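Please open the model in your viewer and keep the sequence panel beside it, since this tour moves from one selection to the next.

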Amino acid sequence: MSLHVAPSRLRSQRSVRRLRLIWKHPLTRGYHHVGNFDWLKDKSYAFSYVTDADQIEGFSPLIQFPDVHHAYASDGLPAFFANRVMSRQRESYGQYLAWLGLGDQAPPIEVLARTGGGRATDTFHLVEDFSPDQGVASGRFFVSGIQHQTQGEDIARFLRPGTELQPRDEPTNPYNDRAIILDAEGKPLGWIPDWLVNDVHRLRGAGTVRVTVEQVNPDAPARLRLLCRLEATLAE
């Protein structure tokens, strides 16, 4: 059960992992940062909205977190997030973790960080916080739309960990004029996920961004085929 908590308790329990909750407006298709989800030092969880969440047109507070002015804490993974993680009881859970590049004991928040926690029933995604550490911000993502590129799947099959991919703006994209396509040796491979695009534009504006292949999963569904690492070196 989620509870309202005093800010002092959240300050006393340092966040060891933060993800940002992104909401996609179903009509405008714009992406908005609406809240922060934290895994705290004592292994509990916290959720809070951004300060202007109630000013985002069309956005309504989540049923489990109804007050945008409160911070919430829970000893267990709140249902809104738990429903976005595959059950450990599933026979395929071990294979799923392997595709994500995680070990058997990976905490749920790391699963959410890799997958985004997307569901067909809503337009929310969780993304890395990309908070800089000594001038460097980093995170991981799966390349989107490999199956929609003529040679995407063939190219991905022969990539190796450490291969650098080249981000390229695609302003003529009919679905998102801020789209960023990824090239491998000059050939289009797939896209940075739409829910991550605004962050990449922001990071490129603050420094340099490098995208490299971290893991290739030839037998995985297309959405889990290619795991990449994004590293941004921010200007001082």
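How do the residues of the lining of the largest cavity divide into nonpolar, polar and charged? This is a predicted model, and a search of the whole structure finds one cavity of 30 Å³ or more. The space in this largest cavity comes to about 40 Å³. To see its walls, select Ala113, Leu126, Val127, Glu128, Phe130, Arg140, Phe141, Trp195 and Leu196, the residues that line it. Strand 6, strand 7 and helix 6 are the elements that each give two or more residues to this lining, and strand 6 contributes the largest share, with three. Sorted by class, the lining residues are seven nonpolar, no polar and two charged, which answers the opening question.

Next, turn to the largest pocket, whose volume is about 950 Å³. Its lining is made up of 36 residues, and those to select for a view of the centre are Thr115, His125, Ser144, Trp195 and Arg223, which lie closest to it. Colour helix 4 (108-115), strand 6 (124-128), strand 7 (136-142) and helix 6 (194-206), because each of them supplies at least two residues of the lining of this pocket. By class, the lining of the largest pocket holds 15 nonpolar, twelve polar and nine charged residues. Trp195 deserves a label of its own, as this residue is among those closest to the centre of the largest pocket and also lines the largest cavity.

The second largest pocket, with a volume of about 290 Å³, is the next stop. Among its 13 lining residues, select Arg17, Glu128, Phe130, Ser131 and Ser138, which lie nearest its centre; of these, Glu128 and Phe130 can also be found in the lining of the largest cavity. Strand 2 (15-24) and strand 7 each supply at least two residues here, and strand 7 gives the most, with four. The lining of the second largest pocket consists of three nonpolar, three polar and seven charged residues.

Stay with strand 7 and show its pairing with strand 12 (226-234). These two strands run antiparallel to each other and are paired over seven bridges, and one place to look is Ala137, which stands opposite Ala232 in strand 12. Strand 12 is also joined, by nine bridges and again in the antiparallel sense, to strand 11, where Val213 has Cys228 of strand 12 as its bridge partner.

Now select helix 3, residues 93-100, and display the side chains of Tyr93, Tyr96, Leu97, Trp99 and Leu100, which are its buried residues. Why do these residues lie on the same side of helix 3? They cover an arc of only 160 degrees around the axis, and therefore share one side of the helix. What covers them includes helix 4, strand 7, strand 11 (207-216) and strand 12, so that the strands just visited come back into view from this direction. Just after helix 3, select Gly101, whose phi is positive, near 75 degrees.

For the last stop, move to the loop between strand 6 and strand 7 and pick Gln134. Is Gln134 buried or exposed? With a relative accessible area of 79%, Gln134 is exposed, since the cut-off for that class is over 50%. Finally, draw a distance from the C-alpha atom of Gln134 to that of Gln147, which is 13 residues apart from it along the chain: the separation is 37 Å.

Note on methods. Residues numbered from 1 in each chain as written. Predicted model: local features only at pLDDT ≥ 70, side-chain atom pairs only at ≥ 80, totals over all residues. Heavy atoms only, no water. 1 Å grid on protein atoms, 1.4 Å probe; cavity = no way out; pocket = protein on both sides within 12 Å on 5 of 7 lines; lining within 4 Å. Points joined across faces, edges and corners; volume = space filled by probe spheres on them. Nonpolar A, V, L, I, M, F, W, Y, C, P; charged D, E, K, R; others polar. Buried < 20%, exposed > 50% of the residue type's maximum accessible area, 1.4 Å probe, protein only. Arc of directions from axis to C-beta. Contact = heavy atoms within 4.5 Å. Pairing = 2+ DSSP bridges.
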